[in-house]
Amino acid sequence: MPTEGSPVAWVDTQAERRADPARRFDDLFRRLYPRLHDLCHRLVDATEAEDVVQEAFLKLVDAAVLDRPDPEVEAWLRRVCVNLAYNRLRGRRRGQERLQRLGRLQPDADAGDRDDPLGSLLRLEQRAAVRRALWTLPERQRTCLLLRHAGYSYAEIAATCELAIGSVGVLLARAERTFRDSYRQQQGADHEVP
Amino acid sequence: MRCLEEGELRAWLDGEAGQAAAGAHVDGCAACSAAAGALRANAELAATATGVLAPARPPTAEEVEAARGRVVAAARRTPGVAAAYPPTTAPPARPQRRGLAAALARGRGLAAAWAPRPAGRAPAASARRWLAATAALALVLVLVATPTGRGAASSFLAQFRSQRFAVVTLDPAQAGDLAATLQQLGTVEGGLGDLEPEQVATPAAAAPLVGFPVALPDAAALPAGVDTRPRVSVTRARQLRFTLDAAKVRRYLQAHGRSGAALPPRLAGATLVANVPAAVLLAYAGADGVPRLVLGQSRELTASVEGGATLEQLRGFLLGLPGLPPQAVRQLKAIGDWRDTLPLPVPADRIDWREATIDGARGLLLGERSGLGSAAIWQRDGRIYGVAGVLRQAQVLRVAESLG
């Protein structure tokens, strides 16, 4: 039986191939949501990370890929999540500039920890520096680096970025070198005495 | 063996290459060993640095379920997708209003009273419907927010008195469904549909009408550019009564395939009485006259049962009914301190929230996902306070804290 409340509770004409698509969707959601949330959280803020993962699953509901084996669905979800997050980052940059012009929004949208304002501020600044450094990387390198350090295997990274598996190490090595240089530059700039 | 390419070395460091042969070569090759060391240092730096971007904790099982529920709700509203579902899973389209106040008003009784409305304009018919639905929703939520497993002596008169809040995520479309369900089970008297705030001249003039002195925020805490003299209005106290009707319940159960079931005799004629307190609203407008910040204050909300039944018995009956949104019912069951926790229905697709200490009391901070609107609600010393506006959470908190 479909899980209660599932969005794919329809009578599936392909039921013979995929015995219970509703349960499969729910299982995929429960199994993959935490890791996808972790991945998206590295790109956007906490609230947007939730939105991005949920939007990706919403796209999955009527996507043809839902009929494919799990590894293909997982790669598809990762790819959609990363693309949605990048789109939001680009949109947010434009939106923040517009809103700041209107005087309606202050630049930093991340909520801090009121119990530890200094620690919160330092973490915010540290995250901002890391994101600035990441943004200097070419998009595919950046995605490789983020996926790897979010714990994905080379096979999963290759499937997500639609690369040959042999290219993952090459891209990762380049990405980490560029990141190192850019990150150190950021830190150096942060610690310069005026 | 030849020297390894950079990509091969990087893969070897991650255990993704032919380990034995590569390892033997790197151990004996100074150039590859040095290159591997540099790559390892870069990888470790990237791991440490990007580690700060990871969430502080993984989502809990409850959060994952709530997220799944939001996707379910959104899927059902998506044209094309919804068409693929059985008719019963696709809720009818509802009138939509935009904005934080509207979103809150759709889901929350007190927020409906606190939602700013342009002066001199009667609410539209759709807004009236929403207000009526919200009133009924508040009633049913108070009803079903009672816990399992608490035995009650037959002489015990169950009471509810709001002290704190708990969020119940709700598909906005379900609010109307719940209200309709209530009408199918009994008789609803009273409501918030005709709740027109009365304008008064000053906060001091509002005090005798609401029965308590009105707290004012520090002018310094108000957002820049707003008029520091608020428009003051008052909504009067009112009572909502919901009485179960045995014949209606029987028809409802039959319609949901439970022909053999009936209303337990002790619940026949039982009436839930919810006392919605008077509230004062302070609306601070910007230069364009549009409210940027609304501050509401009221006494606590109370509820009791008249007749031979208890809240526990009403709850047990209602939670067993078919046709209620299972996700909302699950969340209501999870509320432990039911006698003093007011469930706050929140549209799952638009609003984020977190618990916070506000003005020295536990409360909820809510934010519209666009980032433009925020709200806070808390209760202290027998009063419910709410602040909402086109503001960031920090600004809302600043206003809230200045009330102390």
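Good morning. Let me begin with a term: a residue is called buried here if 20 or more other C-beta atoms lie within 10 Å of its own. The structure before you is a predicted model, and I shall use that term throughout.

I start with helix H1 of chain B, which spans residues 6-13. Which residues of H1(B) are buried? They are Glu8(B), Leu9(B), Arg10(B), Ala11(B), Trp12(B) and Leu13(B). With 6 of its 8 residues buried, the helix is mostly covered. Just after H1(B) comes Gly15(B), whose phi is positive, at about 70°.

Let me turn to chain A. Its 194 residues, of which 38% count as buried, form 7 helices and 0 strands. The pattern along the sequence is accordingly written α-α-α-α-α-α-α. If we take the contacts in chain A between residues at least 6 apart in sequence, 55% of them join residues at least 24 apart.

One loop of chain A deserves a closer look. Val65(A) lies between helix H2 (46-61) and helix H3 (70-102) of that chain. Why does Val65(A) count as partly exposed? Because it has 15 C-beta neighbours inside 10 Å, whereas a buried residue needs 20 or more and an exposed one has 12 or fewer. Leaving aside residues up to four places away in sequence, Val65(A) touches Glu72(A), Val73(A) and Trp76(A). For the last of these, the separation from Val65(A) is 11 residues in sequence and 7.6 Å in space, C-alpha to C-alpha.

Next, the nonpolar cores. The largest contains 64 residues. Cys40(A), Val52(A), Val53(A), Ala56(A), Cys81(A) and Cys144(A) are the members with the most contacts inside it. Cys81(A), for instance, touches Leu36(A), Leu39(A), Cys40(A), Val52(A), Val53(A) and Ala56(A), again not counting residues up to four places away in sequence. Apart from this core lies another, of 42 residues, including Ala206(B), Leu342(B), Ala388(B) and Leu391(B).

That brings us back to chain B and its strands. In what order do the 8 strands of the open sheet stand? The order is S4-S5-S8-S9-S15-S14-S13-S12, with antiparallel pairing. At the edges are strand S4 (198-200) and S12, each of which pairs on one side only. On average, neighbouring strands of the sheet are turned by 20° against each other, direction ignored. Within the sheet, S9(B) and S15(B) are joined in the antiparallel sense over 7 bridges, and Gly296(B) has Gly386(B) in S15(B) as its bridge partner. As a general point, side chains in a regular strand alternate between the two faces of the sheet.

A helix accompanies these strands. H13(B) lies across S9, S12, S13, S14 and S15 of chain B, and runs at about 30° to S14(B). Its residues are 393-401, and the buried ones are Gln393(B), Gln395(B), Val396(B), Leu397(B), Val399(B) and Ala400(B). These buried residues pack against the five strands just named, among them strand S12 (351-358) and strand S13 (361-368).

I close with further strand pairings in chain B. Strand S6 (residues 238-244) pairs antiparallel with strand S3 (residues 186-189) over 4 bridges, and Glu189(B) has Arg241(B) in S6(B) as its bridge partner. S6(B) is also joined by 6 bridges to strand S7 (residues 271-276), again antiparallel. There, Gln239(B) stands opposite Asn275(B) in S7(B). Thank you for your attention.

Note on methods:
Residues are numbered from 1 along each chain as its sequence is written. Chains are lettered from A and ligands numbered from 1 in the order in which they are written. This is a predicted model: local features need pLDDT of at least 70, side-chain atom pairs count only at pLDDT 80 or more; totals for chains, interfaces and linings use all residues. A nonpolar core is a set of buried Ala, Val, Leu, Ile, Met, Phe, Trp, Tyr and Cys residues joined through C-beta atoms within 7 Å. Two residues are in contact if their C-beta atoms, placed from the backbone, lie within 7 Å. Helices (H or I, at least four residues) and strands (E, at least two) are DSSP runs, numbered from the N terminus. Two strands pair if DSSP finds at least two bridges between them. Axes are lines fitted to C-alpha atoms, for helices over the stretch in contact, and angles run from 0 to 180 degrees between N-to-C directions.
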